[in-house]
Amino acid sequence: MPTARGIADLIMPHLARIAIGPDLSDDMTPTLGREILALHDEKVSLHPEWAAELGPLLAA
């Protein structure tokens, strides 16, 4: 089974081509955005090297 890092290495080159916008979900839960951000923040704290690679893609 691939490691989380191995999977991230496979995904990272493709993230720059993906546009995630307001149509992320049709879920009308008012807290959905905060819940997604909390998941992201948790992953960033667990994998700072991944966050360092992702940062420039999100800024683009």
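User: Which pattern does the protein chain follow when read along the sequence?

Analyst: In this predicted model, the order of elements along the protein chain is α-α-α. The count agrees with that reading: three helices and zero strands.

User: How should confidence be read here, and which elements have the lowest and the highest mean pLDDT?

Analyst: Confidence is best read first for the chain and then by element. The protein chain averages a pLDDT of 77, and 77% of the residues score at least 70. Among its elements, α1 has the lowest mean, 75, while helix α2 (residues 32-46) has the highest, 87.

User: What percentage of the residues in the protein chain is buried?

Analyst: Of the 60 residues, 10% are buried. The accessible surface of the chain comes to about 5,000 Å², and carbon and sulfur atoms account for 67% of that area.

User: Which residues form a nonpolar patch on the surface?

Analyst: The patch consists of Ile7, Leu10 and Ile11, which together have about 280 Å² of accessible area. Isoleucine 11 belongs to helix α1, spanning residues 4-15.

User: Why does isoleucine 11 count as partly exposed?

Analyst: The class lies between buried, under 20% relative accessible area, and exposed, over 50%. Isoleucine 11 counts as partly exposed because its relative accessibility is 41%.

Conventions: Residues are numbered from 1 along each chain as its sequence is written. This is a predicted model: local features need pLDDT of at least 70, side-chain atom pairs count only at pLDDT 80 or more; totals for chains, interfaces and linings use all residues. Side-chain values use heavy atoms; hydrogens and water are left out. Patches are made of residues with over 30% relative accessible area and no salt bridge: like charges are joined within 9 Å, nonpolar side chains (Val, Leu, Ile, Met, Phe, Trp, Tyr) within 5 Å. Accessible areas come from the Shrake-Rupley method with a 1.4 Å probe; for residues, only the protein chains shown count as cover. A salt bridge is a side-chain nitrogen of Lys or Arg within 4 Å of a carboxyl oxygen of Asp or Glu. Helices (H or I, at least four residues) and strands (E, at least two) are DSSP runs, numbered from the N terminus. Buried means under 20% relative accessible area, exposed over 50%, partly exposed in between (1.4 Å probe, protein chains only). pLDDT is the predictor's confidence in each residue, from 0 to 100.
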